[in-house]
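Please take a moment with the sequence and the model shown below before reading on. The paragraphs after it are meant as a guide for someone who has not met this structure before.

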Amino acid sequence: MTAKLILSWNGAVIREYPLNKERMTIGRKSYNDIVIDNLAVSGEHAVVVTIMHDSFLEDTDSTNGLEVNGVPTKKHFLQNNDVIEIGKHKLKYINDHITQTTSADFERTLVLRGSARPSSAESTGDNMKSPTGQNKSTVEEVVAKTGKFDALATATSVRQAIATPNSAGKIAVLQILTGATAGRELELVKNLTTLGKPGFQVAVLTRRPQGFYITHVEGGQFPSVNGRALTNQAHQLHDHDVIELAGVKMEFYFKDGRG
Amino acid sequence: MEMALWQSETTSGLVMKVEDALEMACQTHPGMARSHNEDSVACEVASGLVVLADGMGGYNAGEVASGITVSVLTTEISQGLLQDSPTRCDQNSGDEYGVLLLRDNIQRANASIYTAAQSQPQYAGMGTTIVSGLFYDNRVVVAHVGDSRMYRLRGETMEVITQDHSLLREQIESGMLSAEEARFSKNKNLVTRAVGIEERVESEISIHDVQIGDVYLFCSDGLNDMVEDEDIQSAVYAMQGNLPLAVEQLIQMANDNGGRDNISVILVKVKSSFAAPNQWLEKILNWFRK
């Protein structure tokens with residue numbers, strides 16, 4: 001579904017504007033895509049540039065400025081339910097696309113041809129006087145030409161979900177049992193922890209969704225877990241496993257996150 | 001024993017061949033979400049050449065585009081290196097032959113893809129990103145188009161050497177988006193340049209001195225979109241002594257985080273010096289030609 005802006009004044013809805021063009025201009029003059037006939041509004045007040053499912057709001061040097069969610073703003077990457085205030089008029093941004101995204105839509109790479117890019121000249125508002133938007137939906141055009149794709153994704157959110165520690169709220173710990181640093185505890189908070197020194201003897205502990213693994217990387221000696229030497233394969237670690245690497249013994253265990 | 005080995009390496013290091021000086025490992029994986037792999041990779045240690053391409057286009061057109069690019073570059077460049085030294089300076093352009101090999105052959109791949117796309121409807125609009133490195137004379141020449149990257153690990157510091165040709169980066173540079181907003185942008189995958197989309201393509205080429213111990217990572221966005229730079233750094237740093245394992249680890253991390261796209265990874269480690277043997281001679285000859 002196309003994102004839209006809902007124009008209202010004093011709580012009363014005036015009109016809805018679907019964001020179906022790459023550039024939608026907002027201003028007092030009649031050639032704007034969204035006309036707000038009020039003297040507090042500049043002739044050319046702002047512009048909304050929409051690329052695929054993302055919309056960007058930019059104040060085009062208006063006299064009285066604008067606010068987004070109560071904060072004076074020059075440029076803003078619009079999020080669903082944002083409220084843009086221009087004078088006493090409000091424009092609510094509605095984009096419920098995100099919830100409709102299917103996994104098949106994710107992470108496709110898409111080429112933008114030169115013509116489809118919002119050039120710097122465009123974003124300064126030079127084109128505002130061509131209300132018929134000749135570069136109408138150029139992104140869609142590219143999509144049509146290339147036979148594809150719905151390019152959208154927030155890799156970030158997925159990454160964050162996975163980066164949370166052990167599901168039981170426990171923290172994995174490695175405690176040195178022998179040698180000069182005996183007793184020292186190392187919390188395994190990183191996705192990858194190196195044991196040993198690169199170039200000599202190295203094993204790594206990796207955190208994966210399934211748990212923690214130890215892998216031999218380099219060096220003449222393979223580390224052992226509970227007295228058994230590792231092979232070239234990664235080995236999953238269990239609570240209270242004892243690792244021995246280059247003569248040093250370490251215990252792997254989970255402890256309470258709050259402890 | 002150790003000492004003697006080290007000495008013999010340095011003395012022969014004067015005429016070290018690039019294939020003896022470099023170690024390479026590469027792999028490509030479809031990821032967890034895609035049924036097929038549109039990436040293509042190649043490592044030619046004898047030529048000191050690596051190529052990585054991330055194709056796009058409907059049906060199997062993406063594979064075709066990235067496949068054409070990788071095969072054109074590997075075939076033509078290894079042939080070209082037999083003809084002439086990559087350090088020779090081209091009189092017309094002022095560029096080295098090594099630079100020309102990359103630039104001209106990316107253009108050639110572009111023409112092949114563009115022509116195929118024009119003549120066969122099922123290939124219409126296909127294209128590919130590319131990142132390619134050619135190692136010679138203690139340097140790496142890197143050429144790229146699109147959002148496939150080259151990173152360099154030197155000591156403990158990992159840096160992105162190439163700058164993505166992507167909408168996101170352009171928006172950040174023009175001030176339309178702050179870096180903070182960019183983290184939440186949904187159009188991470190819009191590239192502003194690609195091989196095969198238009199009649200000609202402009203590749204971005206840069207030359208970097210290499211140091212012994214450097215590790216170079218070439219990857220498609222299937223890696224760097226799924227794995228934080230910090231985690232990429234720690235994996236490459238910890239596993240630099242075992243490149244095939246490092247490559248596997250990087251792919252596994254991308255897949256563990258969702259593996260939404262195809263993942264390609266190439267690692268190149270500089271083990272010793274590979275200065276061009278006739279460099280001083282050539283310099284003198286060039287000087288006389290002036």
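What follows is a walk through some strands of one chain and then a pair of helices in another.

The model is a predicted one, and a convenient place to begin is the open sheet of chain A, in which 6 strands are arranged in the order E2-E1-E11-E10-E7-E8 with antiparallel pairing. The edges of this sheet are formed by E2 and by strand E8 (71–72) of chain A, each of which pairs on one side only. At the E2 end, strand E1 (residues 4–9) of chain A is joined to E2(A) by 6 bridges, the two running antiparallel, and within this pairing Ile6(A) lies opposite Glu16(A) of E2(A).

One residue of the edge strand can be followed in detail, namely Ile14(A), which is placed in strand E2 (residues 12–18) of chain A. Because 14 C-beta neighbours lie inside 10 Å of Ile14(A), this residue counts as partly exposed. Leaving aside residues up to four places away in sequence, Ile14(A) touches Leu7(A), Ser8(A) and Trp9(A). In sequence Ile14(A) and Lys90(A) are 76 residues apart, yet in space their C-alpha atoms are 9.9 Å apart.

Further along chain A, strand E13 (residues 170–176) pairs with two strands that can be described in turn. With strand E22 (residues 248–256) of chain A, E13(A) runs antiparallel and shares 7 bridges, and Val173(A) stands opposite Tyr253(A) in E22(A). With strand E14 (residues 185–187) of chain A, E13(A) again pairs in the antiparallel sense, here over 3 bridges, and Gln175(A) has Glu185(A) in E14(A) as its bridge partner.

In chain B, attention turns to helix H4 (residues 97–119), whose 23 residues should span 33 Å at 1.5 Å a residue, and whose end C-alpha atoms, 32 Å apart, agree with this. Among the buried residues of H4(B) are Val99(B), Leu102(B), Ile106(B), Ala109(B), Ile113(B) and Ala117(B). The cover over the buried residues of H4(B) includes helix H3 (61–83), strand E4 (127–136), strand E5 (139–145) and strand E9 (204–209) of chain B.

H3(B) deserves a closer look: H3(B) and H4(B) pack at an angle of about 145 degrees with their axes 9 Å apart, and the crossing is right-handed. The contact involves residues of H3(B) including Ala65(B), Ile68(B), Val72(B) and Gly80(B), and residues of H4(B) including Leu101(B), Asn105(B), Arg108(B) and Ser112(B). Taken by kind, the residues in this contact of H3(B) with H4(B) are 8 nonpolar, 4 polar and 2 charged.

Terms used
Residues numbered from 1 in each chain as written. Chains lettered and ligands numbered in written order. Predicted model: local features only at pLDDT ≥ 70, side-chain atom pairs only at ≥ 80, totals over all residues. Pairing = 2+ DSSP bridges. Helix = DSSP H or I, 4+ residues; strand = E, 2+ residues; numbered from the N terminus. Expected span 1.5 Å × (residues − 1). Buried ≥ 20, exposed ≤ 12 C-beta atoms within 10 Å, placed from the backbone. Contact = placed C-beta atoms within 7 Å. Axes fitted to C-alpha atoms, helices over the stretch in contact; angles between N-to-C directions. Left-handed = near helix turned anticlockwise from the far one by under 90°. Nonpolar A, V, L, I, M, F, W, Y, C, P; charged D, E, K, R; others polar.
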